[in-house]
Amino acid sequence: MASPVVSSSPPARTQSSSRPADDDEVLTVDELVSWLRLSESTVLKLLSERAIPARKVGHQWRIRRGRVRDWLDGHE
């Protein structure tokens, strides 16, 4: 009998089926306003208060859709 071949490399990462494919999508403030159906002033206030998880790049906010989804679900 032949012995099984053992790979020394780690297994490839696969995306979990429970995680939406667009979780890593990066949104702008305008896109977040449309998605959440809130006013721009409300979104900017939430961002500046760090209520919504995001990063400021230069003078612009960048928001990961998955992090906002987690925040909406109460996981953040």
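This is a short talk on how one small part of a predicted protein model is put together.

Okay, hi everyone. Remember as we go that this model is predicted.

Let's start with the overall layout. The protein has three helices and three strands. If you walk along the sequence, the pattern you meet is β-α-α-β-β-α.

Now for the pair of helices I want to show you. How do we describe two packed helices? In general, people give the angle between the two axes and the distance between those axes. Here, helix α1 covers residues 29-36 and helix α2 covers residues 40-48. The two pack at an angle of about 110 degrees, and their axes are 9 Å apart. Since angles from 65 to 115 degrees count as roughly perpendicular, that makes α1 roughly perpendicular to α2. And the handedness? The crossing of α1 and α2 is right-handed.

So which residues actually touch? On the α1 side, the contact is made by Val29, Asp30, Leu32 and Val33. On the α2 side, look for Glu40, Val43, Leu44 and Leu47. Sort the residues of this contact by class and you get six nonpolar, two charged and no polar ones.

Let's zoom back out to the whole protein. What share of its 76 residues counts as buried? That would be 22%. As for the surface, the protein exposes about 6200 Å², and carbon and sulfur atoms supply 50% of that.

One last number, about contacts along the chain. Take the contacts between residues at least 6 apart in sequence: 46% of those join residues at least 24 apart.

That's it from me, thanks!

Definitions and conventions:
Residues are numbered from 1 along each chain as its sequence is written. This is a predicted model: local features need pLDDT of at least 70, side-chain atom pairs count only at pLDDT 80 or more; totals for chains, interfaces and linings use all residues. Side-chain values use heavy atoms; hydrogens and water are left out. Axes are lines fitted to C-alpha atoms, for helices over the stretch in contact, and angles run from 0 to 180 degrees between N-to-C directions. Helices (H or I, at least four residues) and strands (E, at least two) are DSSP runs, numbered from the N terminus. Angles under 35 degrees count as roughly parallel, over 145 as roughly antiparallel, 65 to 115 as roughly perpendicular and the rest as oblique. A crossing is left-handed if the near helix is turned anticlockwise from the far one by less than a right angle, and right-handed if clockwise. Contact means heavy atoms within 4.5 Å. Ala, Val, Leu, Ile, Met, Phe, Trp, Tyr, Cys and Pro count as nonpolar, Asp, Glu, Lys and Arg as charged, and the others, Gly among them, as polar. Buried means under 20% relative accessible area, exposed over 50%, partly exposed in between (1.4 Å probe, protein chains only). Accessible areas come from the Shrake-Rupley method with a 1.4 Å probe; for residues, only the protein chains shown count as cover.
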